Structures are given as structure tokens and as C-alpha cells.
Amino acid sequence: MSKRKFENENGDKKDSGDSLSEITETKRVLSRFKSDTGEILPGGLLDLPVNISIDKLQAICNALLNNEEPVPFAFYVNDVEITESLEKNLNENYNISEDVVEIIYQPQAIFKVRAVTRCTGSLEGHKEAVISVAFSPDGSNLASGSGDTTVRFWDIYTQTPHFTCEGHKHWVLCISWSPCGKKLVSACKNGTIILWDPKTGKQIGKPMSAHKMWVTSLCWEPFHRNPECQYLVSASKDGDLRIWDTVRSQTIRTLSGHTKSVTCVKWGGSGLIYSASQDRTIKVWRAEDGILCRTLMGHAHWVNTLALNVDYVLRIGPFHIEKKSDKTENKLKHAKMQYESINEEILVSGSDDFTLFLWKPEKETKPIARMTGHQQLINDVKFSPDGRIIASASFDKSIKLWESNTGKYIATLRGHVQAVYSVAWSADSRLLVSSSADSTLKVWSMKTKKLCQDLPGHADEVYAVDWSPDGLRVASGGKDKVLRLWQN
């Protein structure tokens, strides 16, 4: 841009140089809004001042979309979020008089979750390490599984034990809430699966025992496919998956095909089951008849963890997390609508080979992307609730963020001084919490991609962490046998 002279309000002359910041009052730029899925907003090209604020962009975008109730948006130019004004994102390569600036808009959650900042309760009672913690789908109940062979339900309001559930004879390795929130299932190192009633702490039906080795992962059929929450899939070190009828306490289908331990299982919203194994493959099964649809190959070592972009909507199922007062007659309709709002299922896998793979498992066997950068094995991976970002936790002490559609690297979150075991997202996708062998939790801001809160308090390694779906609290548990609740 050539040098020019401009007069300021006092009539003084000054040299503008080449920077945009000095000519913001007089310069405008041709722009258009584009959704993060590539659709251009009707309204054509807009002539906008380069110093336009975020608030003005919000108003224009909502007007073009004909939104009766304003929706909050995040705006990006060249993959960089606009945090103050458009001007800050325009570099000197832009020819303001000729170039069209594409402003990508992304809807944000209407409600905002505040970062947890302090420990509000230490829940003691377990006699061995806490291996798993999980909030119910509506966030009102909390359960934990421990090496002491018990499952415990906790009152999150009084921060006291509700029930201690005894029935297992070995370490409780995994727990899972039914999508309706009325049942909890747990599995142990003996391969026994037990169903519990959170209202009474009593066992429901008979224990389900058929696996020859311990159970590594549990997942329920999604609510919109079966509101009765009757069916459940389990994965085991014996290499098999089993679909259970929890009413009759019996296996209705055995899925055999993996040659080594199955490490993780997911039941997708379209009727497919995804399983990851130490045989380095991911298998896609049809739940209704147990047919193996395809095998996804690419990893060079054990596949440890899986996540779906629909995990969050399947978790909250029929519940209106944002609108607590809504009546619940249309639970099934709401759960279907939530699921159908996401176009197609995307799967991400994390492995001992230090890489992640991104898949479209409903149709393709070839991965969308191979994501590299971690220096040690990947222990946990989670999609943000809005499905836009993937967070991976590794034994290399870091968390990495990736774009969910392309697998493109976004940022590395560093701060832990030992292995990161687990991550959990806030319901509005703006915050991430991580747990580590260094005995701390850390909360990260997605706006700054930096540490937001350091949460020491545990006396030893923190194995498990969960953020309640209503966004109000975080629960963590680990080697010190104590559950901790964290709030703002």
C-alpha cells in the first residue's frame, strides 16, 4: 500500500505508513459470511468498515440468518478467531480495495460454563484407587467405581455418600449411565457386569457373566433408538464383544473377530457399533444382526481409545441441558432431533503408535487424516460437545487440539509434568479439564489455548475426570482413593 497523508481531527498531518490500524476510520472492506460447513450466507457481498466490532458482526450475522432469538457466534478469518475487530485479522497482504474477505462463522452454545476454580468437597469412602467417575446424563447424580470392588453413588449437593453397592469380587474397571439416567452398569476384572438402581443403590436383575476375561469398556444403545434403554454392549480382554439384554440379564449376540483384547467400544446413533483392539484394528459392526461391516486399518500398534463426534448428544439424549424447565413428554423427539442435527458420524482413534486417525466409519475404510505430533502413547481422546475440536491426551505430558473435520493440528496445551490420563469438555465447548499422574487437574481455555486454572488437591495420580453435562461441577478420582468435586 502506498504512503499517504491523512489529517486527524486537530488538523495535524501524519504519515500513515502501510498499517491498516491508522486508516480504520475511513477504510472499508468487501466481505461475506460463510458457515464452517462451507455455505455462503444470503445477502451477497457486504461493505464493512475494517474496525467493525464483534458485537456488530453478531448482529449482522443473526439478521442475515433471520434468527428471532440472537445466537452467539465465533468468527474466523484465515483460521484465526476475531477477538476484537476485523481489522486485527487483516494483514498487509490484503488489498482492501479488491480482496473479498471471507468471515467464517460458528454458532456457540447459548449458555456459558464458568471455569471451576476450587475444590468444594472431598468425598471419602473408597478403600482403594478410584478408577472411574461419571455424572448422570442430566448432571444430577454422580457415581464412581473403585479397586475396592464397590460402586458408590454420591449426593453432589450435600457431598456425602448415597449408597455403597457391593456385588463385584474384583476391581471395578468401568461404569456407564444409561441414556435415560435411571440405571448404572458396572463391570469388573472378573468379567462380571452388574446393573444398579441409583435411587436405591440396589442391584437390578442378575449379574451378567459370560466374558472369559475382564471387561474393558461398556456402552448403551442410544436413547433415540431405544427409549427403554434395554441393550448394552461390552468389550473384553478375551477379544469378544457382547450385546446384552439387561432385562433378561443375558447375551443376545456375540461379536467375534478381533484377535486380541478389545480396548474400547462405542454404540453409534445410526445402529453401528465401533470397537478398537490391541490387534491394531477398529471394527464396524451392525448392531441389529452382528454383521461385521468393515475393518479400519492403519495403526501400527494397539488402539487404546475411540471417540465419536456424536458422543455428547448421545450422552445427554432426552435431556434439555440448556432448558431445565421444559416438559419432557417429547424426550424421544428431542433425542432424535439432537442426533440428526449432526450430519454424519466421525470417529477418531488414538493409539500406542503415538498417532490418531480420523474416520468416516459409516461408509469408508480409508481414513480422512492421520494426526501426528505426540511423542508417546495416546491414552484418551474426546470430541468437544459441538463436535468441532478433538482433544487428545498423551503420556508425553501434553494435550493436543485438532480440527474435527480435517484433522488439522490447532495447538498443544502444556503444563502437566507427568502423563495426562484423561480429559473432559465443558458443555459449551469453551473449556477443557485434564487429569494427570502429576496429581493435578488443569482447566484450559479454548479462546486463548492456554492454562486457565491449575487445580492441585489430590495426593496422588488422578485417573479419571468428568465434567457434569449441566456445566456446574467437575468430579475427579484417582490413586489417593478420594473423589473431589470442583466448582466455581
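## Strand β38, its sheet and helix α1

Strand β39 (residues 483–487) runs antiparallel to β38, and four bridges join the two. Strands count as paired if DSSP finds at least two bridges between them. Helices (H or I, at least four residues) and strands (E, at least two) are DSSP runs, numbered from the N terminus.

This is a predicted model, in which local features need pLDDT of at least 70, side-chain atom pairs count only at pLDDT 80 or more, and totals for chains, interfaces and linings use all residues. Residues are numbered from 1 along each chain as its sequence is written, and side-chain values use heavy atoms, with hydrogens and water left out.

**The sheet**

β38 belongs to an open sheet of four strands, ordered β8-β39-β38-β37, with antiparallel pairing. β8 (118–123) and β37 (462–467) are the edge strands; each has a single partner, so one side of each lacks a neighbour in the sheet. On average, neighbouring strands here are turned by 20 degrees against each other, direction ignored. The axes behind such angles are lines fitted to C-alpha atoms; angles run from 0 to 180 degrees between N-to-C directions.

On its other pairing, β38 (residues 474–478) meets β37 in the antiparallel sense over five bridges. Some bridge partners of β38 residues are listed here.

| β38 residue | Partner | Partner strand |
|---|---|---|
| A475 | D466 | β37 |
| G478 | V462 | β37 |
| A475 | L485 | β39 |

Two hairpins flank β38. The hairpin of β37 and β38 has six residues between the strands, and G471 there takes a positive phi near 80 degrees. The hairpin of β38 and β39 has four residues between its strands; K481 in that turn has a positive phi of about 70 degrees.

How many of the residues of β38 are buried? Five of its five are (buried: under 20% relative accessible area, exposed: over 50%, partly exposed in between; 1.4 Å probe, protein chains only). In a regular strand, side chains alternate between the two faces of the sheet. V474, S476 and G478 lie on one side of β38, A475 and G477 on the other, and all are buried.

**Helix α1**

Helix α1 covers residues 54–64, and I54, L57, Q58, C61 and N62 are buried in it. Down the helix axis, these buried residues fall within an arc of 125 degrees, so they line one face. The arc is that of the directions from the axis to the C-beta atoms. D55 and K56 are exposed on the face turned away from the buried side.

What do the buried residues of α1 pack against? They pack against β3 (28–35), β4 (46–49), β5 (73–77) and β7 (100–107). Contact means heavy atoms within 4.5 Å. Just after α1, N66 takes a positive phi of about 60 degrees.
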